[in-house]
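Morning, everyone. I'll walk through how the helices and strands fit together in this one. Please have the structure open.

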Amino acid sequence: MQLTTTNQRGFAPTTMTEAIQFSEMLSGSSMVPKAYQGKPQDVLVCVQWGYEMGLAPMQALQNIAVINGKPSVYGDAMMALVQASPVCEDIEEYIENEGTTNPIAVCVAKRKGRKPVVAKFSVEDAKRAGLWGKGGPWTAYPKRMLQMRARGFALRDAFPDVLKGMITAEEAQDYPDEAKPVPVAKPANPLDLVAKPVEIIEAETIEPDPVLDAIDDAIDFVDKMVERFEVVDIPEVDETSSADEPAAIGFALFVPGKEQPHSVHDTLDEWADAYEELADKTAKAGKRPARERMTILKELKGCNQGTLDRIDTMKRVRHTANYQRRINALGAAQ
């Protein structure tokens with residue numbers, strides 16, 4: 001992999017191939033945030049976000065966080081981006097009414113050629129938003145959180161082009177989780193005065209999937225895996241060889257719980273296509289619970305890891321992405 005160096009900004013990929021290889025390498029490291037470990041696609045998107053904002057790859061991974069499905073940047077990194085911009089004249093921060101019951105954090109953002117933008121955030125503002133006394137940083141570092149909120153408002157209003165619409169991670173963490181449904185109060189029914197209504201629990205509506213329905217009606221893939229596919233006879237392999245290594249006559253595809261290969265292929269490309277087809281059928285075997293299909297997919301990957309490691313980087317990224325997509329889809333179906 002060839003990477004170019006730009007001054008003191010570290011390594012930076014210059015082509016899509018390099019970016020994919022770079023992202024895959026970083027996602028396997030324990031030195032990147034846990035949110036990006038094992039997720040090369042998220043690493044790639046984060047690095048691209050950082051590139052557009054002026055952050056080097058490692059700076060982007062350390063300072064861009066995805067909260068409630070939206071990217072945000074930590075307050076200190078936001079300040080650094082604005083101060084590094086040629087349109088920034090000055091940033092001033094201070095606390096008003098310090099020592100009283102209602103201190104106010106103030107941030108004055110000065111952009112060249114424009115009037116200063118002043119943003120304030122007080123204890124009363126925090127109380128109205130339900131933040132004051134909230135567990136976590138609002139209890140441990142209340143003044144710092146007031147400062148971050150005022151800073152975020154001022155910098156976003158004064159430098160929207162520099163921040164590309166990003167909000168501070170500190171602010172994003174205080175937003176309610178969009179995944180949680182908000183209960184809606186129903187108007188009272190006059191008939192409730194006559195008889196107590198019977199509570200009706202509506203079943204969860206699941207969008208029909210014609211592919212899964214067809215497979216549900218056709219086969220029980222897991223129970224009949226061996227019967228459906230003819231086992232290929234191959235010469236005996238040396239006992240010292242690993243089951244993950246391809247047999248001398250080709251590349252063996254294994255299924256969980258079976259010592260004998262499910263099939264053998266002459267080339268890695270043929271093996272990869274057969275592996276993807278088998279994994280896809282496993283994921284869509286709808287008669288089995290989603291959790292059980294997830295387990296089988298993990299075991300299928302595990303018993304073929306040796307051959308997967310032999311595939312070139314570009315194709316291995318595709319396999320990794322397809323595997324993660326199936327696991328995520330099955331996790332959502334539980």
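**Helix packing and sheets**

Start at the first helix pair: Met16, Ala19, Ser23, Glu24, Leu26 and Ser27 in helix 1 meet Pro40, Val43 and Leu44 in helix 2. By type, the residues of this contact between helix 1 and helix 2 split into six nonpolar, two polar and one charged. Keep in mind that this is a predicted model.

Now the geometry. Two packed helices are described by the angle between their axes and the distance between the axes. Helix 1 covers residues 16-27, and helix 2 covers residues 40-53. They pack at an angle of about 120°, and their axes are 8 Å apart. Angles of 65 to 115 degrees count as roughly perpendicular and those over 145 as roughly antiparallel, so helix 1 is oblique to helix 2. The crossing of helix 1 and helix 2 is right-handed.

Next pair. Helix 4 is residues 75-84, and helix 7 is residues 142-158. Here the packing angle is about 35°, with the axes 10 Å apart. Which hand does the crossing of helix 4 and helix 7 have, left or right? It is left-handed. Helix 4 contributes Gly75, Asp76, Met78, Met79 and Val82 to the contact. From helix 7 come Arg144, Met148, Arg151, Gly152, Leu155 and Arg156. Sort the residues of that contact between helix 4 and helix 7, and you get five nonpolar, two polar and four charged.

Stay on helix 7, which also takes us to a sheet. Helix 7 lies across strand 5, strand 6 and strand 7. Relative to strand 7, helix 7 runs at about 155°.

Those three strands form an open sheet, ordered 5-6-7, with antiparallel pairing. At the edges sit strand 5 (88-96) and strand 7 (117-122), each pairing on one side only. From one strand to the next, the twist averages 15°. How many bridges join strand 6 and strand 7? Six, with strand 6 spanning residues 104-111. If you want a register point, Cys107 stands opposite Ala119 in strand 7.

Now the other sheet on my list. Three strands in the order 3-4-8 make an open sheet, and its pairing is mixed. Strand 3 (64-67) and strand 8 (167-168) are the edge strands, and each pairs on one side only. Strand 4, residues 70-73, runs parallel to strand 8, and two bridges join them. The register point here: Ser72 stands opposite Ile167 in strand 8.

That's the tour. Questions, please.

Key:
Residues numbered from 1 in each chain as written. Predicted model: local features only at pLDDT ≥ 70, side-chain atom pairs only at ≥ 80, totals over all residues. Heavy atoms only, no water. Axes fitted to C-alpha atoms, helices over the stretch in contact; angles between N-to-C directions. Helix = DSSP H or I, 4+ residues; strand = E, 2+ residues; numbered from the N terminus. Left-handed = near helix turned anticlockwise from the far one by under 90°. Contact = heavy atoms within 4.5 Å. Nonpolar A, V, L, I, M, F, W, Y, C, P; charged D, E, K, R; others polar. Pairing = 2+ DSSP bridges. Parallel < 35°, antiparallel > 145°, perpendicular 65-115°, else oblique.
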